[in-house]
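Colleague: I am new to structural terms. Please take me through this one, and give me the reason behind each label.

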Amino acid sequence: ALPHLKVETEVGAIPYAGDVLADGLIALHSPQGSTTYIVEIKSDTTIETLSFVIEYLKKLKQQLRKNQRPLLIAKKLSKLVTKRLIQENLEFIDTTGNCYLNSPALYLLTSSSALETEKPAKSLEITVSTLKLMYAILIAESPEVSKVEFDEIAKIAGISTSNVEQALDRLHNLKYLQRQPRGGYRIVSRKKLLERWELGYAESLRSHLLIGTYSPASGKQFSEVEATIVDHAEDEGYLIGGELGGAIATKYLTPISATLHLPESKSPTSLYLNFKLKPDRQGSITFLRQFGTQNGWTDCLANPLLIHAEMMTLAIDERIQQTSDRLYGQYLATEAVK
């Protein structure tokens, strides 16, 4: 509707850097200049997932040509989120009327509170049960989910069969899955499903699984207890994830923290005592509860899906980023991990 502005759009999975796919393109042409936006849809961008989204967009920005820019599209962005994105000069549009474009073609900043209190339909919310189901789908060897597998998927995810059906329908409505002619579903884009699962992990699943965060007593450094954590993993029955898990999986990182995934039957009390730990919100050792039946991978490690998602919740620095990239490239980019 703006005068003298020509807009071209292309919707769908579009390659823009090798085999990397965007959600679409928006080209703006004005008397001042032209800009092509590479669209990334992150529907439920919240303050909890914002750091992950910012790092993702910054990394994307580095891969684009001079006249290309990343554009975040979301359902509803809070005032805190829009303020931070503007500070980072990351452009966005949401469905409530918030918009920030700052390019040679156009500068536009709008803010809308008209729909700020409106809540998304319950049927389309990504719930904890849905996230557990997404994990079960992502570790499967096939991109298809047949109806005869619903009971098995329920066990893997640790949810009821009725919740499996509801979550699959929800993911279909959100365009992550396609319904198949003979029943069942098929993943539309494993990369997009993985990205949404990691956002959901940071947003709600991790806090649902969190037992507590601790640090070694007597002022010990993490390096002084690292070997003990690895040596006792099999006997104590926990899975190693986080930085330590990423370091073991890639043989690249010198870790300064660890996440330990405990089975439902395992009380953390004995670990607190044996490892001489004390509660600490900023501690280097985090305990999470396992869910379902397939959180493990090999050699007492958590599944790379869990390791990578946990590492993305950490303060991103160069060493974390490089290790996360290696982990993704080696284990998550194309193949399922079981």
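Colleague: Why is E91 called buried?

Modeller: First, the model is predicted: local features need pLDDT of at least 70, side-chain atom pairs count only at pLDDT 80 or more, and totals for chains, interfaces and linings use all residues. Residues are numbered from 1 along each chain as its sequence is written, and side-chain values use heavy atoms, with hydrogens and water left out. Now your residue. Buried means under 20% relative accessible area, exposed over 50%, and partly exposed in between, with a 1.4 Å probe and protein chains only. E91 has a relative accessible area of 4%, so it is buried.

Colleague: Where does E91 lie, and what does E91 touch?

Modeller: E91 lies in strand β5, residues 91-94. Strands are DSSP runs of E with at least two residues, helices are runs of H or I with at least four, and both are numbered from the N terminus. A contact means heavy atoms within 4.5 Å. Leaving aside residues up to four places away in sequence, E91 touches Y37, R69, P70, L71, L72, Y100, L101, N102 and S103.

Colleague: What makes L244 buried?

Modeller: Its relative accessibility is 1%, so L244 counts as buried. L244 sits in helix α8, residues 242-250. Its contacts beyond four places in sequence are F222, E226, I229, V230, P255, S257 and A258.

Colleague: Why is helix α3 described as largely enclosed?

Modeller: Count its residues. In α3, residues 128-138, 9 of the 11 are buried, so the rest of the structure largely encloses this helix. Among the buried ones are T130, K132, M134 and Y135.

Colleague: How do you know that the side chains of E195 and K42 meet in a salt bridge?

Modeller: Check the distance. A salt bridge is a side-chain nitrogen of Lys or Arg within 4 Å of a carboxyl oxygen of Asp or Glu. For E195 and K42, the N to O distance is 2.6 Å, so the definition is met. The pair links distant parts of the chain, 153 residues apart: E195 is in helix α6 (residues 190-209), and K42 is in the loop between β3 (33-41) and α1 (50-63).

Colleague: Are these two partners buried or exposed, and why?

Modeller: E195 has 8% relative accessibility, so E195 counts as buried. K42 has a relative accessible area of 2%, so K42 is buried too.

Colleague: Which residues are linked with them in a network of salt bridges?

Modeller: The network links D23, E40, K42, K191, K192 and E195. A search of the whole structure finds 18 salt bridges.

Colleague: What makes R196 and D44 a salt bridge, and which parts does the pair tie together?

Modeller: Their side chains meet at 2.8 Å, N to O. R196 lies in helix α6 and D44 in the loop between β3 and α1, so the pair ties together parts that are 152 residues apart in sequence. The side chains of R196 and E203 also meet in a salt bridge, at 3.8 Å, N to O.

Colleague: Why do R196 and E203 get their exposure labels?

Modeller: R196 has a relative accessible area of 3%, so R196 is buried. E203 is at 23%, so E203 counts as partly exposed.

Colleague: Why is K175 called exposed?

Modeller: K175 has 64% relative accessibility, so K175 counts as exposed. K175 is found in the loop between α5 (161-173) and β9 (177-179).

Colleague: What is notable about phi of K175?

Modeller: Phi of K175 is near 70 degrees, a positive value in a residue other than glycine. Most residues other than glycine have a negative phi. K276 also has a positive phi, of about 55 degrees, although K276 is not a glycine.

Colleague: Where is K276, and why is K276 exposed?

Modeller: K276 is in the loop between α9 (269-274) and β14 (277-279). Its relative accessible area is 55%, so K276 is exposed.

Colleague: Why does L109 count as partly exposed?

Modeller: L109 is at 44% relative accessibility, so L109 counts as partly exposed. L109 is found in strand β7, residues 107-110.
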